[in-house]
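Biologist: I have a new model open on my screen and would like to learn how to read it. Could you take me through it step by step?

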Amino acid sequence: MPKVVFIERDGNQKEVEAPVGLSLLEIAHRNDVDIEGACEGSLACSTCHVIIDDKWFKRLSEPSEDEEDMLDLAFDLQRTSRLGCQIVMTEELDGLTVRLPGDTRNMLLE
Ligand code: FES
């Protein structure tokens, strides 16, 4: 079974099982990872925003135009930002590492 590593807002790394065919959003929900996903994957929000680890970003398929439009509205947008509901797990993505947005900004406020 492939694995995904979520880096949570407090820096905690959570490695979880990631069944092929499930989206990152679904995997997060199954494992109590705090990604909202308000529209449940219908590309109508940006609350499933995740930041992909640099070395993995290139291996993902290109985002659709709709995804890019939604991403523009996301909080803490980064160069490697994607919407978690649009990334579907495959065997090749075993070890995929993604960070939840928000921690950088919190750090700056401290
Ligand atoms: S859950 Fe709304 S766009 Fe992904």
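Modeller: We will go through confidence, then the sheet, then the pockets.

Biologist: Let's begin with confidence, then. What is the mean pLDDT of the protein chain?

Modeller: This is a predicted model, and pLDDT is the predictor's confidence in each residue, from 0 to 100. Here the protein chain has a mean of 93, with 93% of its residues at 70 or more.

Biologist: Where does pLDDT stay under 50?

Modeller: Look at residues 104-108: pLDDT remains under 50 there, and the model gives that stretch five contacts beyond four places in sequence. Where pLDDT is low, the predicted coordinates should not be read in detail.

Biologist: Good to know. Now the sheet: in what order do the strands lie?

Modeller: To read a sheet, walk across it from one edge to the other. In this model the walk goes β2-β1-β5-β3-β4, an open sheet of five strands with mixed pairing. At the edges are β2 (13-17) and β4 (81-83), each of which pairs on one side only. From one strand to the next, the twist averages 35°.

Biologist: Which way do β1 and β2 run, and how many bridges join them?

Modeller: β1 and β2 are antiparallel, with five bridges between them. One pair to find on your screen is F6 with its bridge partner K14 in β2. These two strands form a hairpin with five residues between them, and in that hairpin G11 has a positive phi near 90°.

Biologist: And on the next step of the walk, do β1 and β5 run parallel or antiparallel?

Modeller: Parallel: four bridges connect β1 (residues 3-7) with β5 (residues 96-99). Find V4, and you will see L96 of β5 opposite.

Biologist: Which residue of β5 stands opposite I52?

Modeller: That is V98. The strands concerned, β3 and β5, pair in the antiparallel sense over two bridges. To finish the walk, β3 (residues 49-52) is joined to β4 by three bridges, again in an antiparallel arrangement. There, H49 faces L83 of β4.

Biologist: Let's turn to the pockets. How much space lies in the largest pocket, and which residues lie nearest its centre?

Modeller: With a pocket, I take the volume, then the lining, then the chemistry of that lining. The largest pocket holds about 210 Å³ of space. Its lining has 14 residues, and those nearest the centre are F57, P63, E68, S81 and R82. Both α3 (65-71) and β4 contribute at least two residues to that lining. By class, the lining comprises six charged, five nonpolar and three polar residues.

Biologist: What lines the second largest pocket?

Modeller: The same reading works there. This pocket has about 170 Å³ of space. R9, D34, I35, E36, S46, T47, H49, A74, F75 and P101 form its lining, which divides into four nonpolar, three polar and three charged residues. You have already met H49, the residue opposite L83 in β4.

Methods. Residues are numbered from 1 along each chain as its sequence is written. This is a predicted model: local features need pLDDT of at least 70, side-chain atom pairs count only at pLDDT 80 or more; totals for chains, interfaces and linings use all residues. Side-chain values use heavy atoms; hydrogens and water are left out. Contact means heavy atoms within 4.5 Å. Two strands pair if DSSP finds at least two bridges between them. Axes are lines fitted to C-alpha atoms, for helices over the stretch in contact, and angles run from 0 to 180 degrees between N-to-C directions. On a 1 Å grid over the protein atoms alone, a cavity is a set of points where a 1.4 Å probe fits but cannot get out, and a pocket is an open set with protein on both sides within 12 Å along at least five of seven lines; lining residues have an atom within 4 Å of a point. Grid points are joined across faces, edges and corners, and a volume is the space filled by probe spheres set on the points. Ala, Val, Leu, Ile, Met, Phe, Trp, Tyr, Cys and Pro count as nonpolar, Asp, Glu, Lys and Arg as charged, and the others, Gly among them, as polar.
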